[in-house]
Amino acid sequence: MPKLFKTRSTLLVGATALAIAALAPASAEVVVRGKEGKPLDEIRRAPASIYPDLRTIVAQPSPSEIKPEFLGPVVMLKSAHIDLEKGTATLPLRKGKLKNGTPVWFIITDTTDENLSNLHGVNYAPKMAYALTGKATRRATIGKDGEFTFDTGSVDFKPVLGVTPGPANAPFPPAKFQPGSVGDATYTPMVYVENSSKSVILNAPVVSQATEAELNAMCDGNVDHSKVHDKVVAICPRDETVTLSLTLGFTFDKPIQYLSTEANNPLVAALENATFAPALEDLPFALEDASPGESAERIVVVVNGPTGLDNPHRQGLVSALTDGRGPLNILGGIPTINLDYSPMWRVFPAVWTDEAIKKGYRYRMTSALQAAEMSTRGFLKSLDGGDFRAVGFVVNCPVVYRIN
């Protein structure tokens, strides 16, 4: 089995100045200086990967180094090595197999057991325990050699990812789309470990089912996306690592970076560069985020927000399809901010009304509370013109890093 990374992540920012500050003891006095030798302001230029959408971040060291709920950056997925300039996270690559011997290469991002989450440097997501319904969770056992054997679930990585926007005056919905990877009827990233006394469920997205030799041939950086997940930018079984691109979003007015790995709808999967996993249709839903039986959290996906790369309020699917940047989705509770985190997010599409657009009320929302407020005022609707609500789409988005 792959070796575990150290639980303290390394942040690669610019000339690594922020990483040095982050790793320094809390009691040490650290002064990070700019190119001219002057001390850096608390507010500094954002790294290249997010700069077009977010111009400033909080410099380290920060109060969040003492208490995560305070201002400043917080690493959620501590097994990850994060490169903020490139907008990527490098994770331990784990090897398993199906019962027929087919290799399964996967990552672990969340568990339902707090001790195991701390041990492996992944997110604690107790709400995933409610996912043990229908096909939403598949089974696996761990052998004496530590290798996972999955009962079912296979992913075809051969499809070519493609999204063709609609006409210029209506780019969404896309004219054509194709997810770059498709799971079979039994594939899901939710995995129940049958021979664990803790009855643990893991969030274990599959990133490849190629042979070890095929993947080791990619260690030079030439990734073949017909054999790996479309979010993979580097993979190397020899080094036991896989690097995936991150997505910028917001939660309770704080910018975050997260992974997008699966969705239960082919259009959502194509837009997120994720695997289409129809088995996630069986994921249970309740009326409230914290209700017993609710396994997912809410994510607000703006459809027709402001556009233009220079627009500080740029946001939404229309912008993503025309401006070439991410949609800047709004996530609900995450660790350090709320108790109801789950990597499974139920999608609330948000469409600004003609009245809101005419009156100039559209802006970049950064909190689900803002979306609720705009919905209550009648300025946000759902895709069909009805009430702002969840529509049955689910996307797997483990949170990696809270930027501020």
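In this predicted model, the lining of the largest pocket comprises 24 nonpolar, 11 polar and seven charged residues. The lining numbers 42 residues in total, and those nearest the centre of the pocket are Thr 247, Leu 271, Glu 272, Gly 326 and Pro 327. The volume of this pocket is about 840 Å³.

Several secondary-structure elements contribute to the lining of the largest pocket. At least two lining residues come from each of strand S22 (247–251), helix H4 (266–271), strand S26 (297–302), helix H5 (317–323) and strand S28 (344–352). Helix H4 supplies the largest share, namely four residues.

The structure contains one disulfide. Its partners are Cys 219 and Cys 236, whose sulfur atoms lie 2.0 Å apart. The link between Cys 219 and Cys 236 is right-handed, with 95° about the S-S bond. Cys 219 belongs to the loop between helix H3 (212–216) and strand S20 (232–236), whereas Cys 236 is part of strand S20 itself; the pair therefore ties together parts that are 17 residues apart in sequence.

The relative accessibility of three cysteines, the two disulfide partners and Cys 397, is set out below.

| Residue | Relative accessibility | Class |
|---|---|---|
| Cys 219 | 22% | partly exposed |
| Cys 236 | 5% | buried |
| Cys 397 | 0% | buried |

The two disulfide partners thus fall on opposite sides of the 20% limit below which a residue counts as buried: Cys 219, at 22%, is partly exposed, while Cys 236, at 5%, is buried.

A further site of interest is Ser 117, which is located in helix H2 (residues 114–120). With a relative accessibility of 1%, Ser 117 is classed as buried, because this value is under the 20% limit. When neighbours within four places in sequence are set aside, the residues in contact with Ser 117 are Thr 111, Val 122, Asn 123 and Tyr 124. One of these, Thr 111, is also joined to Ser 117 through a side-chain polar contact of 2.6 Å. As for a position remote in sequence, Leu 202 is 85 residues away from Ser 117 along the chain, and the C-alpha atoms of Ser 117 and Leu 202 are separated by 9.6 Å.

Conventions:
Residues are numbered from 1 along each chain as its sequence is written. This is a predicted model: local features need pLDDT of at least 70, side-chain atom pairs count only at pLDDT 80 or more; totals for chains, interfaces and linings use all residues. Side-chain values use heavy atoms; hydrogens and water are left out. On a 1 Å grid over the protein atoms alone, a cavity is a set of points where a 1.4 Å probe fits but cannot get out, and a pocket is an open set with protein on both sides within 12 Å along at least five of seven lines; lining residues have an atom within 4 Å of a point. Grid points are joined across faces, edges and corners, and a volume is the space filled by probe spheres set on the points. Ala, Val, Leu, Ile, Met, Phe, Trp, Tyr, Cys and Pro count as nonpolar, Asp, Glu, Lys and Arg as charged, and the others, Gly among them, as polar. A disulfide is a pair of cysteine sulfur atoms within 2.5 Å. Buried means under 20% relative accessible area, exposed over 50%, partly exposed in between (1.4 Å probe, protein chains only). Contact means heavy atoms within 4.5 Å. A polar contact is a pair of N or O atoms within 3.5 Å; within protein, one must be able to donate a hydrogen and the other to accept it, and residues adjacent in sequence count only if both atoms are side-chain atoms.
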